[in-house]
Amino acid sequence: MMWIMRSIRRPLGQFQVAAASFSSSAAAVEAERSIREGVRNDWRREEIKSIYDSPILDLLFHAAQVHRHAHNFREVQQCTLLSIKTGGCSEDCSYCPQSSRYSTGLKAQKLMNEDAVLEAARKAKEAGSTRFCMGAAWRDTVGRKTNFNQILEYVKEIRDMGMEVCCTLGMLEKQQALELKKAGLTAYNHNLDTSREFYPNIITTRTYDERLQTLEYVRDAGINVCSGGIIGLGEAEEDRVGLLHTLATLPIHPESVPINALVAVKGTPLQDQKPVEIWEMIRMIATARIVMPKAMVRLSAGRVRFSMPEQALCFLAGANSIFTGEKLLTTQNNDYDADQTMFKLLGLIPKAPDFSERPAPKEFEPENTEVAAASSG
Ligand code: SF4
């Protein structure tokens with residue numbers, strides 16, 4: 001009782017000093033700076049490391065503050081990802097069951113026809129998705145003119161349904177980015193996967209710089225960049241920080257940053273990786289939220305392994321986008337009804353589609369586009 005009385009009589013100033021000293025982690029300092037100064041592209045790797053290493057509850061709390069400042073914290077974007085061309089990929093991404101180099105039992109398929117793709121998009125829209133993403137297991141789109149033109153048609157049709165459209169088709173050339181922009185593409189996904197240093201342990205068939213080049217073409221064409229990575233590949237925490245550092249120092253932060261937890265698939269070189277823990281996801285999401293305050297941070301692959309309370313912590317940490325639908329390319333995704341129940345229980349609401357355009361730079365304006373497209377052969 002004496003303690004309570006003494007506490008009550010303590011002057012307010014002392015409480016303020018105490019509160020400040022409890023909350024002086026890098027997460028607190030940098031979150032406050034993000035709120036005060038807005039988006040920054042000049043992050044130093046050590047700064048991001050200090051945020052990442054902050055006490056987890058402090059990191060979570062301050063990321064939630066940044067999230068509430070930059071977004072409507074109740075809104076969660078629902079995207080549907082459809083594999084429109086499955087398997088048979090020439091690349092050697094160690095986590096991917098679609099690589100033709102691994103025996104995962106996955107059968108290579110041709111590009112899905114128009115009716116099937118548009119039907120899937122319609123169903124996704126009916127189920128509440130506002131963004132439809134089409135994935136093709138290709139190294140790149142060079143030499144695939146017929147298929148690429150077909151995909152341009154899909155983009156136009158789905159955009160006309162009133163949905164945002166995203167594609168992930170491997171590496172792009174400059175003129176292909178232009179053609180996708182012309183067709184109405186909202187975003188292009190091309191993940192960096194991990195840090196530059198750890199990357200050669202995961203993929204040897206294309207370089208980190210080639211990935212960055214594709215992101216540059218996409219950005220220059222005025223298409224939103226969607227780029228993130230995967231944790232649980234055997235990387236060190238330093239590599240997770242490295243990935244976030246590369247993303248947060250791009251000339252424009254990605255519009256979307258998918259954070260994936262590895263889904264280890266039998267037959268791939270990473271089949272025996274141990275599952276990512278929820279705390280690792282929270283640390284990644286919260287750090288991404290503080291360093292890229294305006295980005296949509298997507299709780300992506302691996303969500304199926306997390307319980308509703310665990311997912312709630314991810315939303316609190318700043319995730320504001322998910323994939324809905326039965327499958328994520330070739331792996332299992334969360335159940336539709338369970339997602340609906342979760343939205344209701346957590347008071348989440350679907351985010352409306354956003355059709356605001358990023359202007360294409362001058363060299364990409366329509367009259368020049370014709371020239372570039374024509375020269376693409
Ligand atoms: S991640 Fe993409 S590029 Fe890599 S093997 Fe799989 S489908 Fe091919």
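What follows is a walk through a predicted model, from its nonpolar core to the ligand.

A good place to start is the inside. The largest nonpolar core has 94 residues. Within this core, the residues with the most contacts are M134, C167, Y188 and I285. As for where the core residues come from, the largest share is supplied by helix α11 (residues 278–291), which puts in 8 residues.

C167 deserves a closer look. Setting aside its neighbours within four places in sequence, C167 touches C133, M134, I151, V155, L180, L185 and Y188. Two of the residues on that list, M134 and Y188, are also among those with the most contacts inside the core.

C167 also belongs to strand β3, where it shares one side with V165. On the other side of the strand sit E164, C166 and T168, and the residues of both faces are all buried. With 5 of the 5 residues of β3 (residues 164–168) buried, the strand is largely enclosed by the rest of the structure. Strand β2 (residues 131–136) runs alongside as a partner: β2 and β3 pair in the parallel sense over 5 bridges. In this pairing, R131 stands opposite E164 of β3.

Next comes helix α10, which covers residues 237–248 and so counts 12 residues in total. From its first C-alpha to its last, α10 reaches 17 Å, close to the 16 Å expected at 1.5 Å a residue. This helix is largely enclosed by the rest of the structure, because 10 of its 12 residues are buried. The buried ones are D239, R240, V241, G242, L243, L244, H245, T246, L247 and A248. And what lies over them? The cover includes two helices, α4 (45–52) and α11, along with the strands β6 (229–231) and β7 (256–261). So α11 turns up in two roles here, as part of the cover over α10 and as the source of the largest share of the core.

A backbone oddity shows up at D193, in the loop between β4 (187–189) and α9 (208–220). Most residues other than glycine have a negative phi. Phi of D193, though, is near 75 degrees, a positive value in a residue other than glycine. D193 counts as buried, because 24 C-beta neighbours lie inside 10 Å, where 20 or more are needed.

That leaves the ligand. Around the ligand are C89, E91, C93, C96, Q98, S99, A137, R139 and G170. Sorted by class, this shell has 4 nonpolar, 3 polar and 2 charged residues.

Notes: Residues are numbered from 1 along each chain as its sequence is written. This is a predicted model: local features need pLDDT of at least 70, side-chain atom pairs count only at pLDDT 80 or more; totals for chains, interfaces and linings use all residues. A residue is near a molecule or strand if its C-beta atom, placed from the backbone, lies within 6 Å of it. Ala, Val, Leu, Ile, Met, Phe, Trp, Tyr, Cys and Pro count as nonpolar, Asp, Glu, Lys and Arg as charged, and the others, Gly among them, as polar. A nonpolar core is a set of buried Ala, Val, Leu, Ile, Met, Phe, Trp, Tyr and Cys residues joined through C-beta atoms within 7 Å. Helices (H or I, at least four residues) and strands (E, at least two) are DSSP runs, numbered from the N terminus. Two residues are in contact if their C-beta atoms, placed from the backbone, lie within 7 Å. The expected span of a helix is 1.5 Å times one less than its number of residues. Two strands pair if DSSP finds at least two bridges between them.
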